[in-house]
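Welcome! Below are some exercises with worked solutions, to be done with the sequence and the structure side by side. Try each task before you read on.

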Amino acid sequence: MVETITRTPTQAQSTYLHADLETMPREQLERLQLQRLRDSVRNLWENVPWHKPRLQAAGLGSADDIDSLDALQALPFTVKTDLRDHYPFGLFARPREQLARVHASSGTTGKPTVVGYTAQDLSNWADLVARSLYGAGGRPGDMVHNAYGYGLFTGGLGAHDGATRLGATVLPVSGGGTERQVSLMVDFRPRVLCSTPSYALAIAEVAEHMGVDLRQSGLAVGLFGAEPWSDAMRSEIEARLGLRAVDIYGLSEIMGPGVACECEHRQGLHGWEDHFIFETIDPETSRRVADGEPGELVITTLTKQALPMLRYRTRDITRLMRETCDCGRTHVRILRVTGRNDDMLIIRGVNVYPSQLEAVLVGRPGVAPHYQMVLMKDGVMDTVRLEIEALPGVPLEQYPLLAADAIHHIKSIVGISAHVDVLAPGAIPRSEGKAVRVRDLRSTSPRAQLAPAAR
Ligand code: DLL
């Protein structure tokens, strides 16, 4: 099948790690995609019994019938429940004995989603994370403080292997033990930080409590992802950690971190099209939307051996741009993922993502960058209460003013009337991984609804 393409960066000053692949003219890139798409569909057809009848029902006689990238549009989607329905290894295209590793993500209900990798898959993944790190400004020889959680979550080991492939020194610290993380940063002076954006902020906060100024610690680049975050959050993190914050995207069903990543220009995340095909669709009609239009991101893997994915519906809402970036990379740009379809709230007819509220709240005078939305029922009506936190030192009597200011800006910018509660500093739980932004109390008793920040 596909060979690993690993290159050692020879010029520390080069813009690209895999220059020939990252700047490949689109025509050539699309030829490569078509050839790899046929290989990948052949892998599904021959090795995953569930796919063959579905492909036949879509009118395919064999993988060789795929004569253009447009032919993909006639092929069936895959969704998260398909993985759950074939738990644990039913959609794998390789026998379990040939897997080098499995990861799993815990769902809110039932069985986890299990994903698997051959040694070749792991090697391709490391290449793409290394490419992402390099594009973001990481360099061989850097120390990378990796605070993504190690374990079944793909963040920790995914970033680890990519940083190793880049030729960096990895500090595999994982999430949690935040005071110790701060001390290690002071002592080891890492140049790169990898964590969720919410945990980066928690690290900044703990450092400030410890009297440590992390802006002096030598950090230069942060690769933040695994959850939606806003430009306001980016500015906040940059100001408090003294680094350049870059957005990295991925999901375990497709690979893990490094499916897409911003370059130093930060005008969208480069989706690595030599390994994936990216489409956006209307989630209602399942039809493709034009580039530039918002839609649900759908990803097809081109080189995965163990768990090839055909038109995987990510539930993530974004827009695609195919014009060459100012950095010279030709690969598609995926605009910041504002939220998942599942996270979208409809509040009196207005569609709202938590990250839209974040964009309004973060940076408001007197307000800390921590928040949660609490969903409740008032009779048959769904209502939302927004919990925000005052900055330390803000006097209690000013809390009503902070609330009024937040209500006003949410109304004028997002278009909803929210009930806002201002809580004391530290009242909203801090995350060590993905932040919990929404507490859904709609099915609990009215008494439980009264307890703020109860988690
Ligand atoms: O979160 C993989 C990852 C780890 C990505 C570390 C980046 C950094 P999952 O746990 O399977 O995998 O969750 C995937 O997280 O479908 C998005 O909804 C969300 N997500 C990931 N990255 C971003 C991002 C990892 N940069 C799900 N912006 C995805 C917004 C993101 N949402």
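Helices (H or I, at least four residues) and strands (E, at least two) are DSSP runs, numbered from the N terminus. With that naming, T301 is found in strand β11. Please keep in mind that this is a predicted model.

**Exercise 1. T301 in its strand**

Find out whether T301 is buried or exposed, and which residues T301 touches.

Solution.
- Step 1: Recall the cut-off, by which buried means under 20% relative accessible area.
- Step 2: T301 has a relative accessible area of 0%, so T301 is buried.
- Step 3: Not counting residues up to four places away in sequence, T301 touches S40, I254, H275, F276, L307, P308 and M309.
- Step 4: For one of these residues, M309, there is a specific polar link: the T301 side chain reaches the backbone nitrogen of M309 at 2.9 Å.

**Exercise 2. The helix α2**

Work out how far helix α2 reaches from its first C-alpha to its last, and what the buried residues of α2 pack against.

Solution.
- Step 1: Locate α2 at residues 26–47, which gives 22 residues.
- Step 2: The reach from the first C-alpha of α2 to the last is 31 Å, close to the 32 Å expected at 1.5 Å a residue.
- Step 3: List the buried residues of α2, among them L29, L32, Q33, R36, L37, S40, V41 and L44.
- Step 4: An α-helix has 3.6 residues a turn, so residues three or four places apart point the same way.
- Step 5: The buried residues of α2 pack against α3 (51–57), β10 (276–281) and β11 (295–301). S40, buried in α2, is also one of the residues that T301 touches.

**Exercise 3. Around the ligand**

Describe the shell around the ligand: which element gives the most to it, and how many nonpolar, polar and charged residues does it have?

Solution.
- Step 1: Begin with the 20 residues that surround the ligand, of which the closest are D247, I248, S252, D316 and K434.
- Step 2: Sort the shell by class, which yields nine nonpolar, five polar and six charged residues.
- Step 3: Look at the elements. Both α6 (154–166) and β7 (244–251) supply at least two residues each, and β7 gives the most, with five residues.
- Step 4: Turn to the polar atoms. One oxygen atom of the ligand is 2.8 Å from an N or O atom in the side chain of K434. An oxygen atom of the ligand is also 2.9 Å from an N or O atom in the side chain of R340, while a nitrogen atom of the ligand is 3.5 Å from a polar backbone atom of P228.
- Step 5: Finish with the cover: the protein covers 94% of the 610 Å² of accessible area that the ligand has on its own.

**Exercise 4. Two residues to compare**

Place E358 and H419 in their elements, and decide for each whether it is buried or partly exposed.

Solution.
- Step 1: E358 lies in helix α10 (residues 354–361), whereas H419 lies in strand β20 (residues 419–423).
- Step 2: E358 has a relative accessible area of 1%, so E358 is buried. H419, at 47% relative accessibility, counts as partly exposed.
- Step 3: Leaving aside neighbours within four places in sequence, E358 is in contact with P228, W229, S230, A232, M233, Y371 and R437. On the same basis, H419 is in contact with V384, R385 and L386.
- Step 4: Add the polar contacts. The side chains of E358 and S230 make one at 2.7 Å, and one of 3.3 Å joins the side chains of H419 and D421.

**Exercise 5. Backbone details**

Look up which peptide bond from Y87 is cis, and what phi is in S174 and in R315.

Solution.
- Step 1: The peptide bond from Y87 to P88 is cis, with omega near -10 degrees. P88 lies in the loop between α4 (80–85) and β1 (101–105).
- Step 2: S174, though not a glycine, has a positive phi of about 65 degrees. S174 sits in the loop between β4 (169–171) and α7 (178–188) and counts as buried at 17% relative accessibility.
- Step 3: R315 is another residue other than glycine with a positive phi, near 75 degrees. R315 is found in strand β12 (residues 312–318) and, at 34% relative accessibility, counts as partly exposed.

Definitions and conventions
Residues numbered from 1 in each chain as written. Predicted model: local features only at pLDDT ≥ 70, side-chain atom pairs only at ≥ 80, totals over all residues. Heavy atoms only, no water. Expected span 1.5 Å × (residues − 1). Buried < 20%, exposed > 50% of the residue type's maximum accessible area, 1.4 Å probe, protein only. Contact = heavy atoms within 4.5 Å. Near = heavy atom within 4 Å. Polar contact = N/O pair within 3.5 Å; in protein donor to acceptor, adjacent residues only side chain to side chain. Areas by Shrake-Rupley, 256 points an atom, 1.4 Å probe, with all protein chains shown as cover. Nonpolar A, V, L, I, M, F, W, Y, C, P; charged D, E, K, R; others polar.
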